[in-house]
Amino acid sequence: MTIANNNGVYTVVGYVNSQNSYGAFIKTDFKATAARFGDTWAISNVAVGVQTAKQGAKTFAANYIAILLLTAVGGALLYFLITVLV
């Protein structure tokens, strides 16, 4: 967990490990921003699981594009090979 102070505005970033009802362990990221006004604290932003979701989406997109390109190149090579042999 990291805590950063930027002119009295604190940002806390970390993760929580938990276990679901099936016994699988899950790592969930979180980020919270808070500021102190006198004797009270005000939370201005909270995000849970956002980084994990973003990273998962990026990985999925990269894999999808790679498979799409390999399929297109492989299909083109197979087409030309069949055309030459026939």
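At 13% relative accessibility, Thr 33 counts as buried, because the cut-off for that class is under 20% relative accessible area. This residue belongs to a predicted model, and it offers a useful place from which to read the rest of the chain, since Thr 33 is found in strand S3. Leaving aside residues up to four places away in sequence, Thr 33 touches Val 9, Tyr 10 and Thr 11 as well as Ala 42, Ile 43, Ser 44 and Asn 45.

Those contacts lead to the strands on either side. Strand S2, which covers residues 9–19, pairs with S3 in the antiparallel sense over 11 bridges, and within this pairing Val 13 stands opposite Lys 31 in S3. The two strands form a hairpin with 5 residues between them, and in its turn Gly 23 has a positive phi of about 95 degrees. A further detail concerns a charge and a ring: Lys 27 lies over the face of Tyr 15, at 4.2 Å from the ring centre.

Strand S3 (residues 25–37) is also joined to strand S4 (residues 40–48), and these two run antiparallel with 8 bridges between them. Two of the facing positions can be named, for Phe 30 stands opposite Val 48 in S4, while the bridge partner of Arg 36 in S4 is Trp 41. The hairpin of S3 and S4 has 2 residues between the strands, and here Gly 38 takes a positive phi near 70 degrees.

Is Ile 43, one of the residues that Thr 33 touches, buried or exposed? Ile 43 lies in strand S4, and at 62% relative accessibility it counts as exposed, because the exposed class begins over 50%. Apart from residues up to four places away in sequence, Ile 43 touches Thr 33 and Ala 34. Its C-alpha atom is separated by 31 Å from that of Ala 24, although Ile 43 and Ala 24 are 19 residues apart along the chain.

After the strands comes a helix, as the elements of the protein run β-β-β-β-α from the N terminus on. In helix H1, which spans residues 50–85, Phe 60 and Tyr 64 lie 4 residues apart, about one turn of the helix. A search of the whole structure finds 3 aromatic pairs. In the pair of Phe 60 and Tyr 64 the ring centres are 6.1 Å apart and the planes meet at 25 degrees, so the pair is stacked. Both Phe 60 and Tyr 64 are exposed.

The values for the whole chain complete the picture. The protein holds 1 helix and 4 strands, and its C-alpha trace spans about 85 × 35 × 15 Å along the principal axes. Its radius of gyration is 24 Å, whereas a compact globule of 86 residues would have one near 12 Å. Buried residues make up 7% of the 86 residues, and Thr 33 counts among the buried ones. Of the contacts between residues at least 6 apart in sequence, 14% join residues at least 24 apart. The protein exposes about 7300 Å², of which carbon and sulfur atoms supply 67%.

How values were computed:
Residues numbered from 1 in each chain as written. Predicted model: local features only at pLDDT ≥ 70, side-chain atom pairs only at ≥ 80, totals over all residues. Heavy atoms only, no water. Rg over C-alpha atoms; globule rule 2.2 N^0.38 Å. Buried < 20%, exposed > 50% of the residue type's maximum accessible area, 1.4 Å probe, protein only. Contact = heavy atoms within 4.5 Å. Areas by Shrake-Rupley, 256 points an atom, 1.4 Å probe, with all protein chains shown as cover. Phe/Tyr/Trp six-rings, centres within 6.5 Å; stacked < 30°, edge-to-face > 60°. Lys NZ or Arg CZ within 6 Å of the ring centre and 35° of its normal. Pairing = 2+ DSSP bridges.
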